[in-house]
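Q: I have a protein model open and do not know how to read its features. Can we go through some of them one at a time?

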Amino acid sequence: MWANESVFYQIYPLGFCGAPYENDGVLVDRIKKVIDWIPHIKKVGANAIYFSPVFESDCHGYDTRDYRKIDVRLGSNETFGTVCQELHKAGIKVVLDGVFNHVGRGFFAFQDVKEKKWDSQYKDWFYINFDGNSNYDDGFWYEGWEGHFELVKLNLQNEQVIQHIFSCIKGWIEEFDIDGLRLDVAYCLDHNFLKRLRSFCEGLKKDFFLVGELLHGDYNPFVNDEELHSCTNYECYKGLYSSFNSMNMFEITHSLLRQFGPEDWTLYKEKHLLGFVDNHDVTRVATILQNKNHLPLIYGVLFGMPAIPCIYYGSEWGAKGDKADGDWNLRPCFEVAEENELTEWIGKLANIHKESEALCYGEFRSVLLTNKQVIFERKTEHERILVAINADEQTYMAHFDAGCGRAEELLTGKDHDFGGGSELLPYSVQYWKMER
(Lines give C-alpha, C1' and ligand atoms only; values in the text may rest on other atoms or scores of the structure.)
Protein backbone atom coordinates (compact mmCIF):
# COMPACT_ATOMS: atom_id res chain seq x y z
CA MET A 1 0.00 0.00 0.00
CA TRP A 2 1.44 3.34 -1.10
CA ALA A 3 0.27 5.10 2.07
CA ASN A 4 2.65 3.06 4.22
CA GLU A 5 5.59 4.81 2.55
CA SER A 6 4.03 8.28 2.50
CA VAL A 7 4.13 11.52 4.42
CA PHE A 8 0.78 13.33 4.48
CA TYR A 9 0.06 17.05 4.44
CA GLN A 10 -3.36 18.07 5.78
CA ILE A 11 -5.22 21.13 4.53
CA TYR A 12 -8.55 22.39 5.83
CA PRO A 13 -9.64 23.97 2.53
CA LEU A 14 -12.34 26.41 3.68
CA GLY A 15 -9.98 27.96 6.21
CA PHE A 16 -6.85 27.61 4.10
CA CYS A 17 -8.51 29.42 1.18
CA GLY A 18 -10.00 32.20 3.31
CA ALA A 19 -13.59 31.27 2.46
CA PRO A 20 -16.46 32.88 4.40
CA TYR A 21 -17.66 30.77 7.31
CA GLU A 22 -21.28 30.74 6.15
CA ASN A 23 -22.00 29.52 2.63
CA ASP A 24 -22.79 32.72 0.71
CA GLY A 25 -23.55 30.88 -2.55
CA VAL A 26 -20.95 32.91 -4.46
CA LEU A 27 -18.67 30.88 -6.73
CA VAL A 28 -15.02 31.84 -6.23
CA ASP A 29 -12.14 29.62 -7.41
CA ARG A 30 -10.18 29.89 -4.17
CA ILE A 31 -9.01 26.26 -4.25
CA LYS A 32 -6.48 27.12 -6.99
CA LYS A 33 -4.32 28.45 -4.16
CA VAL A 34 -3.27 24.84 -3.49
CA ILE A 35 -1.42 24.77 -6.83
CA ASP A 36 0.76 27.68 -5.72
CA TRP A 37 1.66 25.74 -2.58
CA ILE A 38 2.81 22.56 -4.35
CA PRO A 39 6.53 23.50 -4.27
CA HIS A 40 6.23 24.18 -0.55
CA ILE A 41 4.37 20.92 0.10
CA LYS A 42 7.14 19.03 -1.68
CA LYS A 43 9.77 20.95 0.28
CA VAL A 44 8.10 19.77 3.49
CA GLY A 45 8.62 16.24 2.17
CA ALA A 46 4.96 15.33 1.75
CA ASN A 47 3.92 13.07 -1.10
CA ALA A 48 0.24 12.79 -0.16
CA ILE A 49 -2.35 15.41 0.71
CA TYR A 50 -5.43 14.99 2.87
CA PHE A 51 -8.13 17.55 2.22
CA SER A 52 -10.66 18.17 4.95
CA PRO A 53 -14.18 18.65 3.48
CA VAL A 54 -14.38 20.12 -0.02
CA PHE A 55 -18.02 19.45 -0.94
CA GLU A 56 -20.94 21.86 -0.82
CA SER A 57 -21.99 22.44 2.77
CA ASP A 58 -24.07 24.74 4.94
CA CYS A 59 -21.15 26.11 6.91
CA HIS A 60 -17.94 24.38 8.06
CA GLY A 61 -17.75 21.50 5.57
CA TYR A 62 -18.94 18.67 7.78
CA ASP A 63 -22.57 19.69 7.25
CA THR A 64 -22.78 18.48 3.65
CA ARG A 65 -25.41 19.72 1.23
CA ASP A 66 -24.25 17.96 -1.93
CA TYR A 67 -21.65 15.17 -2.20
CA ARG A 68 -21.38 15.71 -5.97
CA LYS A 69 -20.49 19.38 -5.98
CA ILE A 70 -17.36 21.19 -4.80
CA ASP A 71 -18.29 23.95 -2.36
CA VAL A 72 -18.84 27.18 -4.33
CA ARG A 73 -16.71 29.01 -1.77
CA LEU A 74 -13.79 26.88 -3.00
CA GLY A 75 -14.65 26.82 -6.69
CA SER A 76 -16.07 24.51 -9.32
CA ASN A 77 -15.65 20.79 -9.89
CA GLU A 78 -13.57 21.66 -12.95
CA THR A 79 -11.22 23.82 -10.91
CA PHE A 80 -10.78 21.18 -8.24
CA GLY A 81 -10.13 18.62 -10.97
CA THR A 82 -7.30 20.82 -12.22
CA VAL A 83 -5.88 21.04 -8.69
CA CYS A 84 -5.91 17.24 -8.40
CA GLN A 85 -4.23 16.90 -11.80
CA GLU A 86 -1.43 19.25 -10.77
CA LEU A 87 -0.95 17.42 -7.47
CA HIS A 88 -0.73 14.10 -9.27
CA LYS A 89 1.75 15.55 -11.78
CA ALA A 90 3.89 16.52 -8.79
CA GLY A 91 3.76 12.97 -7.44
CA ILE A 92 1.32 13.83 -4.64
CA LYS A 93 -1.56 11.46 -3.86
CA VAL A 94 -4.99 12.91 -3.01
CA VAL A 95 -7.21 11.79 -0.11
CA LEU A 96 -10.58 13.44 0.53
CA ASP A 97 -12.68 13.66 3.69
CA GLY A 98 -15.56 11.18 3.49
CA VAL A 99 -18.25 12.60 5.78
CA PHE A 100 -20.79 9.78 5.71
CA ASN A 101 -22.12 9.62 9.28
CA HIS A 102 -24.18 12.78 8.89
CA VAL A 103 -25.17 15.58 6.51
CA GLY A 104 -26.22 19.19 6.92
CA ARG A 105 -29.77 20.40 7.20
CA GLY A 106 -29.40 21.76 3.66
CA PHE A 107 -28.94 18.24 2.23
CA PHE A 108 -31.54 17.65 -0.49
CA ALA A 109 -33.07 14.55 1.12
CA PHE A 110 -33.50 16.23 4.50
CA GLN A 111 -35.03 19.28 2.84
CA ASP A 112 -37.55 16.95 1.18
CA VAL A 113 -38.45 15.46 4.58
CA LYS A 114 -38.92 18.94 6.04
CA GLU A 115 -41.33 19.77 3.23
CA LYS A 116 -43.28 16.52 2.91
CA LYS A 117 -42.89 14.91 6.34
CA TRP A 118 -44.43 11.39 6.25
CA ASP A 119 -44.89 11.59 2.49
CA SER A 120 -41.18 12.07 1.77
CA GLN A 121 -39.51 9.19 -0.04
CA TYR A 122 -36.35 10.02 1.95
CA LYS A 123 -37.77 9.77 5.48
CA ASP A 124 -35.99 6.45 6.05
CA TRP A 125 -32.63 7.98 5.09
CA PHE A 126 -32.50 9.40 8.62
CA TYR A 127 -33.48 8.47 12.16
CA ILE A 128 -36.76 10.36 12.44
CA ASN A 129 -39.61 10.34 14.95
CA PHE A 130 -42.72 12.19 13.75
CA ASP A 131 -44.17 12.14 17.26
CA GLY A 132 -41.52 14.56 18.51
CA ASN A 133 -40.05 17.91 17.54
CA SER A 134 -36.54 19.18 16.86
CA ASN A 135 -34.61 22.13 18.25
CA TYR A 136 -35.37 23.83 14.92
CA ASP A 137 -39.16 23.31 15.30
CA ASP A 138 -39.34 21.06 12.23
CA GLY A 139 -42.44 19.26 13.45
CA PHE A 140 -40.49 16.02 13.90
CA TRP A 141 -37.52 14.80 15.93
CA TYR A 142 -34.33 13.45 14.34
CA GLU A 143 -31.01 12.12 15.58
CA GLY A 144 -28.06 14.47 15.26
CA TRP A 145 -24.39 13.67 15.70
CA GLU A 146 -23.53 13.76 19.42
CA GLY A 147 -26.23 16.34 20.11
CA HIS A 148 -25.26 18.65 17.22
CA PHE A 149 -28.55 18.98 15.39
CA GLU A 150 -27.07 20.90 12.47
CA LEU A 151 -25.55 17.49 11.64
CA VAL A 152 -28.32 15.07 10.67
CA LYS A 153 -27.35 11.43 11.18
CA LEU A 154 -27.66 9.23 8.08
CA ASN A 155 -29.12 5.72 8.21
CA LEU A 156 -26.20 3.71 6.84
CA GLN A 157 -28.28 0.55 6.94
CA ASN A 158 -30.58 1.98 4.27
CA GLU A 159 -29.66 0.62 0.86
CA GLN A 160 -30.63 3.82 -0.94
CA VAL A 161 -28.30 5.83 1.29
CA ILE A 162 -25.45 3.39 0.67
CA GLN A 163 -25.95 3.47 -3.09
CA HIS A 164 -26.10 7.26 -3.11
CA ILE A 165 -22.78 7.48 -1.25
CA PHE A 166 -21.19 4.82 -3.43
CA SER A 167 -22.28 6.57 -6.62
CA CYS A 168 -20.71 9.79 -5.35
CA ILE A 169 -17.41 8.05 -4.51
CA LYS A 170 -17.37 6.52 -7.99
CA GLY A 171 -17.83 10.02 -9.36
CA TRP A 172 -14.94 11.37 -7.26
CA ILE A 173 -12.61 8.70 -8.61
CA GLU A 174 -13.73 9.28 -12.20
CA GLU A 175 -13.68 13.09 -12.00
CA PHE A 176 -10.77 13.78 -9.63
CA ASP A 177 -8.86 10.46 -9.67
CA ILE A 178 -8.65 10.49 -5.86
CA ASP A 179 -6.46 7.91 -4.13
CA GLY A 180 -8.28 7.44 -0.85
CA LEU A 181 -10.69 8.65 1.79
CA ARG A 182 -10.36 9.80 5.38
CA LEU A 183 -13.59 8.76 7.09
CA ASP A 184 -14.94 11.33 9.51
CA VAL A 185 -16.03 10.01 12.94
CA ALA A 186 -15.33 6.46 11.75
CA TYR A 187 -16.06 5.21 15.27
CA CYS A 188 -19.75 6.01 14.58
CA LEU A 189 -19.95 4.13 11.28
CA ASP A 190 -21.74 0.82 10.81
CA HIS A 191 -19.29 -2.08 10.41
CA ASN A 192 -21.27 -3.64 7.58
CA PHE A 193 -21.16 -0.32 5.77
CA LEU A 194 -17.37 -0.16 6.22
CA LYS A 195 -16.95 -3.68 4.86
CA ARG A 196 -19.03 -2.86 1.81
CA LEU A 197 -17.18 0.43 1.37
CA ARG A 198 -13.79 -1.32 1.41
CA SER A 199 -14.93 -3.89 -1.17
CA PHE A 200 -16.57 -1.26 -3.36
CA CYS A 201 -13.55 1.08 -3.39
CA GLU A 202 -11.06 -1.71 -4.06
CA GLY A 203 -13.19 -2.72 -7.02
CA LEU A 204 -12.93 0.79 -8.43
CA LYS A 205 -9.23 1.51 -7.87
CA LYS A 206 -6.34 -0.67 -6.78
CA ASP A 207 -4.64 0.39 -3.53
CA PHE A 208 -7.45 2.82 -2.66
CA PHE A 209 -6.63 3.94 0.89
CA LEU A 210 -9.17 4.12 3.71
CA VAL A 211 -8.14 5.83 6.96
CA GLY A 212 -10.66 6.44 9.72
CA GLU A 213 -10.96 8.99 12.48
CA LEU A 214 -10.79 6.88 15.66
CA LEU A 215 -10.19 8.33 19.12
CA HIS A 216 -9.92 5.90 22.03
CA GLY A 217 -10.12 2.20 22.75
CA ASP A 218 -9.09 -0.73 20.57
CA TYR A 219 -8.67 0.19 16.90
CA ASN A 220 -8.65 -3.43 15.68
CA PRO A 221 -12.44 -3.81 15.22
CA PHE A 222 -12.21 -1.04 12.60
CA VAL A 223 -8.67 -1.46 11.21
CA ASN A 224 -8.45 -4.91 9.66
CA ASP A 225 -8.42 -6.76 6.35
CA GLU A 226 -12.14 -6.15 5.77
CA GLU A 227 -12.65 -2.54 6.86
CA LEU A 228 -10.13 0.31 7.26
CA HIS A 229 -6.46 0.20 6.28
CA SER A 230 -5.51 2.73 8.96
CA CYS A 231 -6.80 5.18 11.55
CA THR A 232 -5.78 8.27 13.49
CA ASN A 233 -3.52 7.32 16.40
CA TYR A 234 -4.91 9.59 19.11
CA GLU A 235 -3.31 7.56 21.90
CA CYS A 236 0.16 8.43 20.62
CA TYR A 237 -0.90 11.99 19.77
CA LYS A 238 -1.53 12.60 23.45
CA GLY A 239 1.57 10.67 24.48
CA LEU A 240 3.79 12.76 22.23
CA TYR A 241 3.11 16.22 23.63
CA SER A 242 2.44 15.01 27.17
CA SER A 243 5.80 13.21 27.34
CA PHE A 244 7.65 16.41 26.56
CA ASN A 245 5.52 18.67 28.76
CA SER A 246 5.88 16.38 31.78
CA MET A 247 9.48 15.43 30.87
CA ASN A 248 8.46 11.80 31.07
CA MET A 249 9.50 9.88 27.95
CA PHE A 250 8.11 6.75 29.57
CA GLU A 251 4.60 7.80 28.51
CA ILE A 252 5.09 7.78 24.73
CA THR A 253 7.37 4.75 24.96
CA HIS A 254 4.72 2.85 26.93
CA SER A 255 2.14 3.62 24.23
CA LEU A 256 4.49 2.58 21.44
CA LEU A 257 5.44 -0.66 23.21
CA ARG A 258 1.77 -1.38 23.90
CA GLN A 259 0.88 -0.81 20.26
CA PHE A 260 3.94 -2.00 18.32
CA GLY A 261 6.38 -3.66 20.73
CA PRO A 262 8.10 -7.02 20.29
CA GLU A 263 5.73 -9.03 22.51
CA ASP A 264 3.05 -11.22 20.95
CA TRP A 265 0.25 -9.38 22.75
CA THR A 266 0.95 -5.95 21.26
CA LEU A 267 -2.04 -4.45 19.52
CA TYR A 268 -1.03 -3.18 16.09
CA LYS A 269 2.29 -4.81 15.24
CA GLU A 270 1.56 -5.24 11.50
CA LYS A 271 -0.54 -2.10 11.11
CA HIS A 272 0.26 1.40 9.92
CA LEU A 273 -1.60 4.09 11.85
CA LEU A 274 -1.74 7.79 11.00
CA GLY A 275 0.58 9.68 13.33
CA PHE A 276 0.33 13.43 14.02
CA VAL A 277 1.28 16.11 16.53
CA ASP A 278 -1.74 18.29 15.70
CA ASN A 279 -4.64 18.67 13.26
CA HIS A 280 -7.74 20.78 12.59
CA ASP A 281 -9.47 19.64 15.81
CA VAL A 282 -6.76 20.15 18.46
CA THR A 283 -4.50 22.88 19.79
CA ARG A 284 -1.47 23.35 17.56
CA VAL A 285 1.72 21.76 18.78
CA ALA A 286 3.64 25.07 18.89
CA THR A 287 1.03 26.31 21.37
CA ILE A 288 0.65 23.20 23.51
CA LEU A 289 4.37 22.51 24.04
CA GLN A 290 5.60 24.31 27.15
CA ASN A 291 9.26 24.31 26.07
CA LYS A 292 9.70 25.56 22.50
CA ASN A 293 13.06 23.75 22.30
CA HIS A 294 11.00 20.56 22.16
CA LEU A 295 9.27 21.51 18.91
CA PRO A 296 11.91 19.98 16.57
CA LEU A 297 12.22 17.01 18.93
CA ILE A 298 8.54 16.02 18.84
CA TYR A 299 8.80 15.77 15.06
CA GLY A 300 11.93 13.66 15.52
CA VAL A 301 9.87 11.15 17.46
CA LEU A 302 6.92 11.34 15.03
CA PHE A 303 9.01 10.51 11.96
CA GLY A 304 10.98 7.82 13.78
CA MET A 305 8.17 5.91 15.46
CA PRO A 306 5.81 3.44 13.71
CA ALA A 307 3.45 5.79 11.89
CA ILE A 308 2.27 7.28 8.63
CA PRO A 309 3.28 10.86 9.52
CA CYS A 310 0.84 13.69 8.83
CA ILE A 311 1.71 17.41 8.98
CA TYR A 312 -1.01 20.01 9.49
CA TYR A 313 -0.63 23.06 7.26
CA GLY A 314 1.16 25.92 8.99
CA SER A 315 2.58 23.82 11.79
CA GLU A 316 5.67 23.13 9.68
CA TRP A 317 6.86 26.65 10.45
CA GLY A 318 5.48 26.76 14.00
CA ALA A 319 2.08 28.44 13.54
CA LYS A 320 0.11 28.71 16.77
CA GLY A 321 -3.55 28.12 17.54
CA ASP A 322 -5.49 27.32 20.71
CA LYS A 323 -8.55 25.06 20.70
CA ALA A 324 -9.97 27.22 23.51
CA ASP A 325 -10.34 30.08 21.03
CA GLY A 326 -12.62 28.03 18.79
CA ASP A 327 -12.16 25.59 15.92
CA TRP A 328 -11.97 28.30 13.27
CA ASN A 329 -8.89 29.69 15.00
CA LEU A 330 -7.21 26.33 14.27
CA ARG A 331 -8.07 26.56 10.56
CA PRO A 332 -6.71 29.92 9.41
CA CYS A 333 -5.86 31.36 6.02
CA PHE A 334 -2.14 31.92 5.47
CA GLU A 335 -1.53 34.21 2.51
CA VAL A 336 1.81 32.58 1.72
CA ALA A 337 3.65 29.54 2.99
CA GLU A 338 6.29 30.56 5.48
CA GLU A 339 9.55 28.66 5.70
CA ASN A 340 12.14 28.59 8.45
CA GLU A 341 14.55 26.21 10.18
CA LEU A 342 11.64 24.06 11.43
CA THR A 343 10.30 23.71 7.88
CA GLU A 344 13.71 22.58 6.64
CA TRP A 345 14.04 20.21 9.60
CA ILE A 346 10.68 18.56 8.95
CA GLY A 347 11.51 18.22 5.26
CA LYS A 348 14.75 16.45 6.13
CA LEU A 349 12.98 14.09 8.55
CA ALA A 350 10.23 13.39 6.01
CA ASN A 351 12.65 12.47 3.25
CA ILE A 352 14.63 10.17 5.56
CA HIS A 353 11.39 8.51 6.63
CA LYS A 354 10.11 7.92 3.08
CA GLU A 355 13.40 6.44 1.93
CA SER A 356 13.85 4.09 4.90
CA GLU A 357 12.47 0.58 4.91
CA ALA A 358 13.06 0.36 8.66
CA LEU A 359 11.17 3.57 9.44
CA CYS A 360 8.23 2.64 7.20
CA TYR A 361 7.98 -1.06 8.08
CA GLY A 362 10.38 -1.88 10.89
CA GLU A 363 9.68 -3.52 14.22
CA PHE A 364 9.82 -1.33 17.33
CA ARG A 365 12.05 -1.95 20.36
CA SER A 366 12.98 0.29 23.29
CA VAL A 367 16.77 0.45 23.72
CA LEU A 368 17.33 3.12 26.38
CA LEU A 369 14.79 5.03 28.43
CA THR A 370 14.97 7.71 31.11
CA ASN A 371 12.58 10.52 31.94
CA LYS A 372 14.36 12.91 29.59
CA GLN A 373 16.00 10.62 27.04
CA VAL A 374 14.79 7.83 24.80
CA ILE A 375 16.50 5.62 22.25
CA PHE A 376 14.44 3.15 20.25
CA GLU A 377 15.12 0.78 17.40
CA ARG A 378 13.32 0.31 14.09
CA LYS A 379 14.42 -2.86 12.33
CA THR A 380 13.67 -4.95 9.25
CA GLU A 381 15.60 -7.81 7.72
CA HIS A 382 17.55 -5.34 5.57
CA GLU A 383 17.92 -2.21 7.71
CA ARG A 384 18.26 -1.13 11.33
CA ILE A 385 17.93 2.45 12.62
CA LEU A 386 18.22 3.80 16.16
CA VAL A 387 16.34 7.00 16.99
CA ALA A 388 17.86 8.95 19.89
CA ILE A 389 16.14 11.90 21.59
CA ASN A 390 17.51 14.08 24.38
CA ALA A 391 14.76 16.37 25.72
CA ASP A 392 17.02 17.82 28.42
CA GLU A 393 18.98 21.08 28.42
CA GLN A 394 22.08 19.13 29.53
CA THR A 395 24.29 16.81 27.48
CA TYR A 396 23.66 13.13 28.20
CA MET A 397 26.15 10.28 27.71
CA ALA A 398 24.23 7.18 26.64
CA HIS A 399 25.70 3.75 27.32
CA PHE A 400 23.96 0.77 25.72
CA ASP A 401 24.67 -2.24 23.55
CA ALA A 402 24.30 -0.98 19.98
CA GLY A 403 24.89 -4.41 18.49
CA CYS A 404 27.62 -2.99 16.25
CA GLY A 405 30.51 -0.55 16.41
CA ARG A 406 29.56 2.23 14.03
CA ALA A 407 26.64 3.92 12.28
CA GLU A 408 25.83 6.73 9.88
CA GLU A 409 23.94 9.62 11.46
CA LEU A 410 21.33 10.29 8.78
CA LEU A 411 20.47 13.89 9.70
CA THR A 412 24.08 15.08 9.37
CA GLY A 413 25.66 12.35 7.25
CA LYS A 414 28.42 11.99 9.84
CA ASP A 415 29.97 8.74 11.02
CA HIS A 416 29.12 7.71 14.58
CA ASP A 417 31.28 5.51 16.81
CA PHE A 418 29.47 3.79 19.70
CA GLY A 419 32.69 3.00 21.53
CA GLY A 420 32.89 4.63 24.95
CA GLY A 421 29.27 5.79 24.88
CA SER A 422 27.16 8.03 22.66
CA GLU A 423 26.92 11.73 23.39
CA LEU A 424 23.42 13.19 23.14
CA LEU A 425 23.65 16.97 22.94
CA PRO A 426 21.02 19.16 24.65
CA TYR A 427 17.65 19.18 22.85
CA SER A 428 18.88 16.85 20.14
CA VAL A 429 17.67 14.19 17.71
CA GLN A 430 19.85 11.58 16.06
CA TYR A 431 18.94 8.88 13.54
CA TRP A 432 21.69 6.25 13.47
CA LYS A 433 21.64 3.88 10.50
CA MET A 434 23.50 0.87 11.82
CA GLU A 435 26.21 -1.21 10.21
CA ARG A 436 24.90 -4.48 8.85
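The dialogue below takes up helix pairs, a one-sided helix, buried residues and backbone angles in turn.

A: Keep in mind that this is a predicted model.

Q: Let us begin with helix pairs. At what angle do helix 5 and helix 6 pack, and how far apart are their axes?

A: Helix 5 spans residues 159-176, and helix 6 spans 191-204. The two pack at an angle of about 30°, and their axes are 11 Å apart. Angles under 35 degrees count as roughly parallel, so helix 5 and helix 6 are roughly parallel to each other. Their crossing is right-handed.

Q: Which residues of helix 5 and helix 6 meet?

A: From helix 5 come E159, I162, Q163, I165, F166, I169, K170 and I173, and from helix 6 come F193, R196, L197, F200, C201 and L204. By class, this contact of helix 5 with helix 6 has ten nonpolar residues, one polar and three charged.

Q: How do helix 7 and helix 8 cross: roughly parallel or roughly antiparallel?

A: Helix 7 covers residues 234-245 and helix 8 covers 250-260; their axes come within 7 Å and cross at roughly 155°. Over 145 degrees counts as roughly antiparallel, so that is the term for helix 7 and helix 8. Helix 7 contributes E235, C236, K238, G239, L240, S242 and S243, while helix 8 contributes E251, I252, S255, L256, R258 and Q259. The classes in the contact of helix 7 with helix 8 are four nonpolar, five polar and four charged residues.

Q: Now a single helix. Which residues of helix 4 are buried?

A: In helix 4, residues 108-116, the buried ones are A109, F110, D112 and V113. They lie on the same side of helix 4, because they cover an arc of only 155° around the axis. Among the elements covering these buried residues are strand 6 (102-104), strand 7 (128-129), strand 8 (141-142) and strand 10 (148-153).

Q: What about residues in loops: is D71 buried or exposed?

A: Buried means under 20% relative accessible area. D71 has 0% relative accessibility, so it counts as buried. D71 sits in the loop between strand 4 (64-70) and helix 3 (77-89). Apart from neighbours within four places in sequence, D71 is in contact with L14, N23, V54, F55, E56 and S57. One of these, N23, is 48 residues from D71 along the chain, and their C-alpha atoms are separated by 8.4 Å.

Q: Which residues does V285 contact, leaving aside its neighbours within four places in sequence?

A: V285 contacts V277, D278, L295, I298 and Y299. V285 belongs to helix 9, residues 285-288, and counts as buried because its relative accessibility is 1%. The C-alpha atoms of V285 and G318 are 7.9 Å apart, with these positions 33 residues apart along the chain.

Q: Last, the backbone angle phi. Where does D177 lie, and what is its phi?

A: D177 lies in the loop between helix 5 and strand 11 (180-183). Its phi is positive, about 55°, although D177 is not a glycine. D177 counts as partly exposed because its relative accessibility is 37%.

Q: Is V185 buried or exposed?

A: V185 is buried, with a relative accessible area of 3%. V185 is in the loop between strand 11 and helix 6, and its phi is also positive, near 35°, in a residue other than glycine. K117, which follows helix 4, has a positive phi near 55°.

How values were computed: Residues are numbered from 1 along each chain as its sequence is written. This is a predicted model: local features need pLDDT of at least 70, side-chain atom pairs count only at pLDDT 80 or more; totals for chains, interfaces and linings use all residues. Side-chain values use heavy atoms; hydrogens and water are left out. Helices (H or I, at least four residues) and strands (E, at least two) are DSSP runs, numbered from the N terminus. Buried means under 20% relative accessible area, exposed over 50%, partly exposed in between (1.4 Å probe, protein chains only). Axes are lines fitted to C-alpha atoms, for helices over the stretch in contact, and angles run from 0 to 180 degrees between N-to-C directions. Angles under 35 degrees count as roughly parallel, over 145 as roughly antiparallel, 65 to 115 as roughly perpendicular and the rest as oblique. A crossing is left-handed if the near helix is turned anticlockwise from the far one by less than a right angle, and right-handed if clockwise. Contact means heavy atoms within 4.5 Å. Ala, Val, Leu, Ile, Met, Phe, Trp, Tyr, Cys and Pro count as nonpolar, Asp, Glu, Lys and Arg as charged, and the others, Gly among them, as polar. The arc is that of the directions from the helix axis to the C-beta atoms.
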